[in-house]
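Me: I'm new to this structure and would rather get to know one corner of it properly than skim the whole thing. Please start at a loop, then take me to the inside and show me what sits around there.

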Amino acid sequence: MKKFKIISSVLLVASILFFILSCKTTIDVSTYTTPKFSKKSYPINQEVTFSLSIIETGFAKTPEAFVYRGGNLFKTRKLSHVSVLIQHPKGTFAFDTGLGSEIKEQFHDNFSFIDRQLFKFTKLKSMKEMLVTNKFNPDSIDFIIPSHLHFDHASGIKDFPNATVWTTREEYNHAISKGATPPAFIKEQYNADFIKWKFLDFSTTEYEIFKESYDVFNDGTVVLVKLPGHTKGSLGMFVNLKSGKRYFFTGDLTWAVEAFNGPSEKHAIPRRKVDGDRENIKKTIVMIHHLIKEKPNLKVIPAHDFNAQKNIAHFPNVEW
Ligand SMILES: [Zn+2]
């Protein structure tokens, strides 16, 4: 009995030490080159009126220390699962789907007991349910652009059989490969024959600090960039509203905007479960760290950062 007590005390102290140490590290910015800002960028057609709104499909609550290194262990953060709805004269689309109508079954059937505790969530209405409730025809969604194909972003793809799914070849090939497994990927969310895919060819037009970009409507209002690291083909989205507001949706590169300020990574425990290429992630986080310093009016919005999203119009409200 005494021996057991000693072993458990040692284990407890070791895990507390591990936790404290893994909370503190930030990325050393000086070891990365400062990105060059492009002088060229797409002209923004300020005549085009289009709208943006957030659809929150679920959320989780977790100690901030698990969200990013340097986060407070005793502060709880709300992490949201959202879709970003863009209604533009040339098309209506969703950036990410959040948690879809079948998420409970998808989660239960594919996740281990431990992963179900680690990634548990409270489900709200799915994007499709929210649209229907507000008399918005789900068939009017022309396309979906997942920031990446992880379970909490691709879950609702099958809710929109008429929509084309836009992604990169790298992301798709990775997502259907043997290495793509839960708790990151759930293949049944995107392996149906009826899904129409469009693989994006990025142009070499520079945009802000990025070497390649994809102008969604050819008018500079919505521009995609590659954010490799979390997954092979992760995408970010710049939205330039007519009002002059500018957003940059950064997917799961970080889970909180503070991680770009630090800059710092996710906590080691969830990071090992979900992040693909750690070195690429750090490099891209440092680039965005510089971007935020240079463009303080640009609102950087990580996919799960409820605090960063709460002041953006939530569907059925929209902002222009
Ligand atoms: Zn995610």
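**From a loop to the inside**

Reply: Let's start with N218, which sits in the loop between β8 (214–215) and β9 (222–226). Keep in mind that this is a predicted model. N218 isn't a glycine, yet its phi is positive, at about 55°. It counts as exposed because its relative accessibility is 66%, and the cut-off for exposed is over 50%.

Now for the part I'd really like you to look at: D96. Here too the phi is positive, about 75°, in a residue that isn't a glycine. D96 is also in a loop, the one between β3 and α3 (103–110). The surroundings are another story: D96 has just 3% relative accessibility, so it counts as buried, which takes a value under 20%.

What does D96 look onto in there? It is one of the residues lining the largest cavity. Rolling a probe the size of a water molecule over the atoms shows where empty space is left. In this model there are 2 cavities of 30 Å³ or more, and the largest holds about 60 Å³ of space. Sharing the lining with D96 are V82, V84, F95, F249, T250, G251, I301, P302, A303 and Q309. By class, that lining comes to 7 nonpolar, 3 polar and 1 charged residues.

T250 and G251 are worth a second glance, since they turn up in the lining of the second largest cavity as well. There they are joined by S147, H148, L227, S234, L235, D252 and L253. This second space is about 30 Å³, and its lining has 3 nonpolar, 5 polar and 1 charged residues.

Back to D96, and to the strand that comes before its loop. T92 is in that strand, β3 (residues 91–95). With a relative accessible area of 13%, T92 is buried, because that is under the 20% cut-off. Leaving out neighbours within four places in sequence, T92 touches L85, I86, Q87, F136, S140, I141, D142 and F143.

From here you can step across to β2 (residues 76–88), which pairs with β1 in the antiparallel sense over 12 bridges. One of the matched pairs there is K61 with K78. β1 also runs antiparallel to β4 (residues 122–123), this time over 2 bridges, and F59 stands opposite T122. Of the 13 residues in β1 (residues 51–63), 11 are buried, so the rest of the structure largely encloses this strand.

On the other side of the story, F249 from the cavity lining belongs to β11 (246–249), and β11 is among the parts covering the buried residues of helix α10. β12 (299–301), home to I301 of the lining, is part of that cover too, along with β10 (235–240) and α8 (258–261). Helix α10 (residues 278–294) has 17 residues and reaches 25 Å between its end C-alphas, close to the expected 24 Å. Its buried residues include I281, I285, I288 and I292.

One last stop: past α8, in the loop that leads to α9 (268–274), you'll find P263. The peptide bond joining G262 and P263 is cis, with omega about -15°.

Methods: Residues are numbered from 1 along each chain as its sequence is written. This is a predicted model: local features need pLDDT of at least 70, side-chain atom pairs count only at pLDDT 80 or more; totals for chains, interfaces and linings use all residues. Side-chain values use heavy atoms; hydrogens and water are left out. On a 1 Å grid over the protein atoms alone, a cavity is a set of points where a 1.4 Å probe fits but cannot get out, and a pocket is an open set with protein on both sides within 12 Å along at least five of seven lines; lining residues have an atom within 4 Å of a point. Grid points are joined across faces, edges and corners, and a volume is the space filled by probe spheres set on the points. Ala, Val, Leu, Ile, Met, Phe, Trp, Tyr, Cys and Pro count as nonpolar, Asp, Glu, Lys and Arg as charged, and the others, Gly among them, as polar. Helices (H or I, at least four residues) and strands (E, at least two) are DSSP runs, numbered from the N terminus. The expected span of a helix is 1.5 Å times one less than its number of residues. Buried means under 20% relative accessible area, exposed over 50%, partly exposed in between (1.4 Å probe, protein chains only). Contact means heavy atoms within 4.5 Å. Two strands pair if DSSP finds at least two bridges between them.
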